[in-house]
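Reader: I am new to this structure and would be grateful for a guided introduction. Please explain each term as it arises.

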Amino acid sequence: VMMGELDAGKGLSGQLESVVRIATPSDIETYRYNQADAERIMSSTREVIAHHELPMHLVAAEYTLDRKQLRIYFTAPHRVDFRSLVRDLASRDGTRIELRQMGARDEARIKGGLGRCGLEICCHRFLRETNPVPMEMAYDQELFVSPERITGACGRLMCSLRYEHDFYVQARKRFPKQGRQVRTSVGEESVESVNIFGNRVTLRGPGGELRTLTLEELKR
């Protein structure tokens, strides 16, 4: 893979390839031709997939610059036996075929789109790794909202939940945990909630009454 319009040596998989040299005008022309031809291959491949009745959803295709290999990316609900498909495609195209199964996050990274912020989704614009985002990250940030509001274009939790997660984890270490019993000037109280940005703690007293203190007042 050569530098130029070739995304700094990265293929559709996002993996860093070997950089050989600066791309020449001829290389760039070949690359553009390969891109257009890969779109044609996508259309014919869908027909072959339908013929074999395989539960596959095509995402993208790309040729290596020398056209010795064609990579086809797809998603599927489970592992697929595509050996017969590869043989059929290879006999039609005369090129070495490599099929790569990917997840929903990788599909979104390739296709792109707009996020809830109105900007191009992060995985397509600058993220090179699509790591899982567990629901615990939303809980740590007290995002007790409907899942649709924190779900990205891929149908998974938004990658941006990772950006500030470490801040929330570290900030919460300064505060007592919710539900913890603390002894104050009025007796035993339980921690009802904390506000890390307002630096406040809400307590529930023995009679069920609520009162809010700053963290400094609580410590005193």
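The questions and answers below concern the cores, two helices and the salt bridges.

Reader: What kind of model is this, and how are residues numbered?

Author: Side-chain values rest on heavy atoms, with hydrogens and water left out, and residues are numbered from 1 along each chain as its sequence is written. Local features need pLDDT of at least 70 and side-chain atom pairs count only at pLDDT 80 or more, while totals for chains, interfaces and linings use all residues, for this is a predicted model.

Reader: Which element gives the most residues to the largest nonpolar core?

Author: A nonpolar core is a set of buried Ala, Val, Leu, Ile, Met, Phe, Trp, Tyr and Cys residues joined through side-chain atoms within 4.5 Å; buried means under 20% relative accessible area, exposed over 50%, and partly exposed in between, with a 1.4 Å probe and protein chains only. The largest core has 18 residues, of which Met 56, Leu 70, Ile 72, Leu 85, Leu 89 and Leu 99 touch the most other members. At least two residues come from each of α1, β1 (57-63), β2 (69-75), α2 (83-93) and β3 (96-101); helices (H or I, at least four residues) and strands (E, at least two) are DSSP runs, numbered from the N terminus. The greatest contribution, 5 residues, is made by α1.

Reader: Which residues does Leu 99 touch, beyond those up to four places away in sequence?

Author: Contact means heavy atoms within 4.5 Å. By this criterion, the residues touched by Leu 99 are Met 56, Ile 72, Phe 74, Phe 82, Leu 85, Val 86 and Leu 89.

Reader: Where do the buried residues of α2 lie around the axis?

Author: The buried residues of α2 are Leu 85, Asp 88 and Leu 89, and their cover includes α1, β2 and β3. Arg 83, Arg 87 and Ser 91 are exposed on the other side of α2. The arc is that of the directions from the helix axis to the C-beta atoms. Because the buried residues cover an arc of only 95°, they lie on the same side of α2.

Reader: Which elements help to cover the buried residues of α3?

Author: Helix α3 spans residues 104-111, and its buried residues are Arg 105, Glu 107, Ala 108, Arg 109 and Ile 110. Their cover includes β1, β2 and α4 (122-125).

Reader: Which distant parts of the chain does the salt bridge between Asp 37 and Arg 67 link?

Author: A salt bridge is a side-chain nitrogen of Lys or Arg within 4 Å of a carboxyl oxygen of Asp or Glu; here the N to O distance is 2.7 Å. Asp 37 is buried at 9% relative accessibility, whereas Arg 67 is partly exposed at 28%. The two residues are 30 residues apart, and the parts linked are helix α1 and the loop between β1 and β2.

Reader: Why are Lys 111 and Glu 107 separated by about one helical turn?

Author: The side chains of Lys 111 and Glu 107 meet in a salt bridge of 2.9 Å, N to O. Lys 111 is partly exposed, with a relative accessible area of 48%, while Glu 107 is buried at 15%. The separation is about one helical turn because, in helix α3, the two are apart by 4 residues.

Reader: How many salt bridges does a search of the whole structure find?

Author: One network of salt bridges links Asp 37, Arg 40 and Arg 67, and another salt bridge joins Glu 98 and Arg 100 at 2.8 Å, N to O. The number of salt bridges found in the whole structure is 10.
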